[in-house]
There are 2 protein chains.
Amino acid sequence: MNETPDIFFEDVVPGNAIQAGPYVIPENELMAFASVWDPMPMHVDKDFASKHGGLTAAGIYLFAIKMHLVHMLPLRRTVIATVGYDEVRFLRPAHPGDALTLELKWTDKRRSRSKPDRGIVTGRYSLINATGEVVMSHLDTVLMLLRSPDR
Amino acid sequence: MNETPDIFFEDVVPGNAIQAGPYVIPENELMAFASVWDPMPMHVDKDFASKHGGLTAAGIYLFAIKMHLVHMLPLRRTVIATVGYDEVRFLRPAHPGDALTLELKWTDKRRSRSKPDRGIVTGRYSLINATGEVVMSHLDTVLMLLRSPDR
């Protein structure tokens with residue numbers, strides 16, 4: 001298996017996008033996750049949910065899926081810290097069986113003033129279902145290593 | 001057991017705060033959660049982590065703990081939807097054994113223009129450790145029911 005080369009700070013081009021997935025939501029996992037962390041009827045009670053459009057994924061479970069898919073991107077060795085998220089929006093419900101693809105579109109980059117081996121990079125992460133609708137979206141700002149800090 | 005009365009839109013006073021917890025982080029849960037959703041060495045590899053200040057909680061696990069504690073607040077019947085999060089910041093690491101308290105400080109409220117039975121309410125959620133340091137913080141905007149929509 002050929003591994004995708006790591007993406008370093010120098011490789012980031014605002015406007016460009018990369019993808020991972022899809023992740024198909026298992027009904028039992030959706031319910032089990034919510035039963036521990038967010039036991040709302042829409043996430044854990046099939047009878048209740050069947051009268052309201054069907055079981056939906058908890059927001060925190062969507063975040064977990066996003067993070068799982070992030071590990072499929074070639075950023076594991078180059079992203080060294082997360083500063084934070086902004087504009088987190090839950091735009092559409094996700095249901096059991098939905099196939100969610102993660103898209104990361106770079107929006108901004110700048111070198112660190114204090115540490116020459118890294119930069120601050122912002123991208124918009126979106127979980128997108130099979131019909132192309134964005135389910136969840138947010139901006140993520142991370143610290144990212146340079147391939148050649150001395151240039 | 002006396003249940004705390006539900007908090008409705010009318011009860012929200014910007015500047016006021018409510019708390020839930022603490023939640024004491026079990027080491028095995030911290031590692032198990034991350035092994036599924038965010039298997040970084042700092043979260044799952046005790047040997048690696050011992051050389052770097054000890055195991056730390058994954059950000060997504062902190063979100064799960066926050067949501068668990070939200071269910072301890074008297075909002076379960078009155079908050080009907082989450083619009084989104086803003087200014088999510090991971091400010092300090094959390095470690096096994098840390099006792100995290102959730103604080104919700106209301107910051108803003110307004111009536112819905114289109115639906116008289118609800119309002120839009122924003123608050124700042126903070127997970128705070130036993131020494132009073134904020135570990136994670138974000139703004140959360142929700143739709144909240146009015147007790148008396150006709151007034």
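Colleague: How many residues of chain A are in contact with chain B?

Modeller: Happy to start there: 18 residues of chain A are in contact with 18 residues of chain B, where a contact means C-beta atoms, placed from the backbone, within 7 Å. This is a predicted model, in which local features need pLDDT of at least 70, side-chain atom pairs count only at pLDDT 80 or more, and totals for chains, interfaces and linings use all residues. Residues are numbered from 1 along each chain as its sequence is written, while chains are lettered from A and ligands numbered from 1 in the order in which they are written.

Colleague: Which element of chain A gives the most to the side that touches chain B?

Modeller: Strand 2, with eight residues. Helix 4 (59-70) and strand 2 (79-90) each supply at least two residues of that side; helices (H or I, at least four residues) and strands (E, at least two) are DSSP runs, numbered from the N terminus.

Colleague: What makes strand 2 of chain A and strand 2 of chain B a pair?

Modeller: Pairing asks for at least two bridges found by DSSP. These two strands have four, in the antiparallel sense, so they qualify under that rule. In strand 2 of chain B, B:Gly84 stands opposite A:Arg89.

Colleague: Why is the relation between chain A and chain B called a two-fold axis?

Modeller: A turn of 180° with a shift of 0.0 Å along the axis lays chain A on chain B, at an RMSD of 0.0 Å. That is the relation of a two-fold axis. The superposition is by least squares on the C-alpha atoms of residues with pLDDT of at least 70 in both copies. In chain A, A:Asp86 has the C-alpha nearest the axis, 2.4 Å from it. The same surface serves both copies, as 100% of the contact residues of chain A recur in chain B.

Colleague: How do you know that helix 4 of chain B is mostly covered?

Modeller: Eleven of its twelve residues are buried, and buried means 20 or more other C-beta atoms within 10 Å of the residue's own, against 12 or fewer for exposed and in between for partly exposed, with C-beta atoms placed from the backbone. Among them are B:Tyr61, B:Phe63 and B:Lys66. For chain A, buried residues make up 32% of the 151 residues.

Colleague: What span should helix 4 of chain B have?

Modeller: The expected span is 1.5 Å times one less than the number of residues, so twelve residues should span 16 Å, and the end C-alpha atoms are 17 Å apart, which agrees.

Methods. Two residues are in contact if their C-beta atoms, placed from the backbone, lie within 7 Å.
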